[in-house]
Amino acid sequence: MGSVMSLSSSKRKATSQDVESVKRQKICLTNRVVNVAAAAFTKFRFQQDNKDTISSVLALPCPPTSVSRIWKHHVFPSFHGEDVRKTILSHILESFRRKGIDTFSDNNIERSKSIGLEVKEAIRGSKIAIVLLSKNYASSSLCLDELAEIMKCRELLGQIVMTIFYEVDPTDIKKQTGDFGKAFKKTCNGKTKEHVENWRKALEDVATIAGEHSRNWRNEADMIEKISTDVSNMLNSCTPSRDFDGLVGMRAHMDRMEHLLRLGLDEVRMIGIWGPPGIGKTTIAKFLFNQVSDRFQLSAIIVNIRGIYPRLRLDEYSAQMEVQQKMLSTIFSQKDIIVPNLGVAQERLKEKKVFLVLDEVDHIRQLDALAKETRWFGPGSRIIITTEDVRVLNAHRINHVYKVKFPSSDEAFQIFCMNAFGQKQPHEGFCKLAWEVMALAGNLPLGLKVLGSALRGMSKPEWERTLPKIKYCLDGEIKSIIKFSFDALCDEDKDLFLYIACFFNGIKLHKVEGVLAKKFLDVRQSLHVLVEKSLISINQSGLIETHTVLKQFGRETSRKQFVHGFAKPQFLVDARDICEVLNDDTIAFYRDYTEEELNISEKALERMHDFQFVRINAFAHPERLHSLLHHSQKIRLLHWSYLKDICLPCTFNPEFLVELGMYASKLHKLWKGTKQLQNLRWMDLCYSRDLTELPDLSTATNLEDLILRNCSSLVRIPCSIENATNLQILDLSDCSNLVELPSIGNATKLEELNLNNCSSLVKLLLVDN
């Protein structure tokens, strides 16, 4: 198996760096929290009495809403049969069927001139009502009765109402004019004044609901597809959250947090949540966010801040600008927000009531960039900071700190059972065994989750056979708990876990699948196994995440494999690994190192000729390290930040390259001549300000992303880019000297073209259509 190397250092110190960028409004970028309209579980209500004391009470029952009710159907369609049943309606219903949308059907109901009880129940039992208004809709008293009932349900039950104006003008519906009005007047003959006014009010109200107009669409099929997609998305957004079902001990956490939050006060408060890895800090913050964020004007969760903004950065100011930009982008749901200086956050948020969660903060400069002072935020704002280091909170003068304690034995047992049995108590006959195993895991929630997931589905005899092994291996340590779960994997799944822990943590799922496709039989299936075993997670943005402790375990496991007899290590994760392996023929262990200590033998590099994945995030590194590009001929992924060479070596072979990233390099060009690039899918050369030209891309037929942001010396893009028929993203922003962009007409899959600040661009050939 080929080797992997990753190095990250700054001046004389090194650290691992996992970069993650997630952008979502009212949710964490990764993740890891679903934005919901309401929660299915009981919410806690934070209240303040007349004496400024806070009491926590269960939320009182609320009127039924479109979220909390149990619905019988997804959609109730109201329509005039002769106008639409055999035309647009049939196509809409077929599109709904393909998307799994359940629609009420009246085929088996005997229809009369007035609305029947069964139809009324169907309307009330549908989450969404779609009113398909056509020219003869008002000629049917049944349609008008349905509409009146629908508008009543909209007001009283929170039912969602969507409109389709099919060959009819909304103004005629609202004012009952034209042919529509004539039909309405005819239907009103013989009806009571109250009945007619009820219909008239319903028509006036429904006409004001924004909907699709058939006259605005050239292609009816496109309109139908949009309607069905909108309905599907609406159903998804109204689905109650189950993310927090089965959480143990959360009521106690909320009782303690409410005294720190004091939501009834107008002051701005920063509150720290402090505890060790795996204790549940992020879970508490997510639950709290889900409970109270809808009471604020703006809300967001920013996760993995230590990954976005690591401790060692050469340019602190730029790093702070970058992380503030990510925060504001998430809060305002604005992808390309511009942050010219660090005063933007204060200016934009000082009048807003904000609920902000800053997750995994590990140094004070991160808080300086994101929430330096309380006056940055409007009255009543609450800023929640989770951290493993209380010194960060003290340095920022945060006095409101919640120290997360380990769960009680009973709570720990319930956490374990939830993961081992899917319920808060063990299956019959497993109680004694469950207590024994749980005791070995200790009370760390992460350990309980990992071990419970590893045992889930095993029979009682399997538990009994496994228990002695757990006692021998665990010794109450979290690393041993993870080892037990790791050892239960097949060899291929073990290898994939090590790849993720050592190299692909925080990377998009589709990229991991692409880069590792030829190394594993079924990457996606193996990832699914790792998710089930609680060794990794995949957030809603598609990022693969590994807990800090699990990541450390994976890296140490990789090192031990080499020490205990492997001919050659699979992974060189940091400078320590590189020193051990590449310093002549000796193994040296460096806890702290300097550039002078990072001695790498050219002879050793020649032996390491099969690196396949290389990631070097380093401001300073030995020149000899560059020669690995000479010797490794099958590199599939190359990320090298701050490379000082002006050109990659002529012997560099990109034939197997899937992803290339050269952030802030000194490159003038990548290489000379034409090379085989059939496997290349992602290329990122951003901030390579000395780059003057790109190589021939005629063989890069599978290229999907080409990121050239801030390549300010780049003058033109090669015409061979027209061969990149799978191109989806082309980012040329801040390429201030770019003069010409050749035709990209063959890039039929192009989704994003960014030409922001291309001030010299004079020639632009786009797709013809």
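The following dialogue discusses a parallel sheet, a helix pair and the cysteines of a predicted model.

Student: How many strands form the open sheet, and in what order do they lie?

Tutor: In general, strands of a sheet pair through backbone hydrogen bonds, in either the parallel or the antiparallel sense. Here four strands form an open sheet in the order S5-S6-S7-S8, with parallel pairing. The edge strands are S5 (73-78) and S8, each of which pairs on one side only.

Student: Which residues stand opposite one another in these pairs?

Tutor: S5 and S6 are joined by five bridges, and phenylalanine 76 has alanine 129 in S6 as its bridge partner. Between S6 (residues 126-133) and S7 there are six bridges, and isoleucine 128 stands opposite isoleucine 160 in S7. The chain travels from S6 to S7 by way of helix H4 (residues 141-157), and this β-α-β crossover is right-handed. S7 is also paired with S8 (residues 212-213) over two bridges; there, histidine 213 is the partner of phenylalanine 165.

Student: Where does helix H3 lie relative to this sheet?

Tutor: Helix H3 (residues 117-124) lies across S5 and S6, and runs at about 125° to S5.

Student: Why is strand S7 described as largely enclosed?

Tutor: In a regular strand, the side chains alternate between the two faces of the sheet. Both faces of S7 should accordingly be examined. On one side Ile160, Met162 and Ile164 are buried, and on the other Val161, Thr163 and Phe165 are buried. Six of the six residues of S7 (residues 160-165) are therefore buried, and the strand is largely enclosed by the rest of the structure.

Student: How do helices H21 and H22 cross, and which residues make the contact?

Tutor: The axes of H21 (residues 491-504) and H22 (residues 509-516) come within 13 Å and cross at roughly 120°. The crossing is right-handed. Leu496, Tyr499 and Phe504 of H21 make the contact with Val512, Val515 and Leu516 of H22.

Student: How many disulfides does the model contain?

Tutor: A disulfide is a covalent bond between the sulfur atoms of two cysteines. The count here is zero.

Student: Why is cysteine 735 not bonded to cysteine 711?

Tutor: The test is whether the two sulfur atoms lie within 2.5 Å. The sulfur of cysteine 735 is 5.3 Å from its closest cysteine sulfur, that of cysteine 711, which is too far for a bond.

Student: Are cysteines 735 and 490 buried or exposed, and what are their relative accessibilities?

Tutor: Cysteine 735 counts as buried, at 0% relative accessibility. Cysteine 490 is partly exposed, with a relative accessible area of 43%.

Definitions and conventions: Residues numbered from 1 in each chain as written. Predicted model: local features only at pLDDT ≥ 70, side-chain atom pairs only at ≥ 80, totals over all residues. Heavy atoms only, no water. Buried < 20%, exposed > 50% of the residue type's maximum accessible area, 1.4 Å probe, protein only. Pairing = 2+ DSSP bridges. Right-handed = clockwise from strand over helix to strand, strands pointing away. Axes fitted to C-alpha atoms, helices over the stretch in contact; angles between N-to-C directions. Left-handed = near helix turned anticlockwise from the far one by under 90°. Contact = heavy atoms within 4.5 Å.
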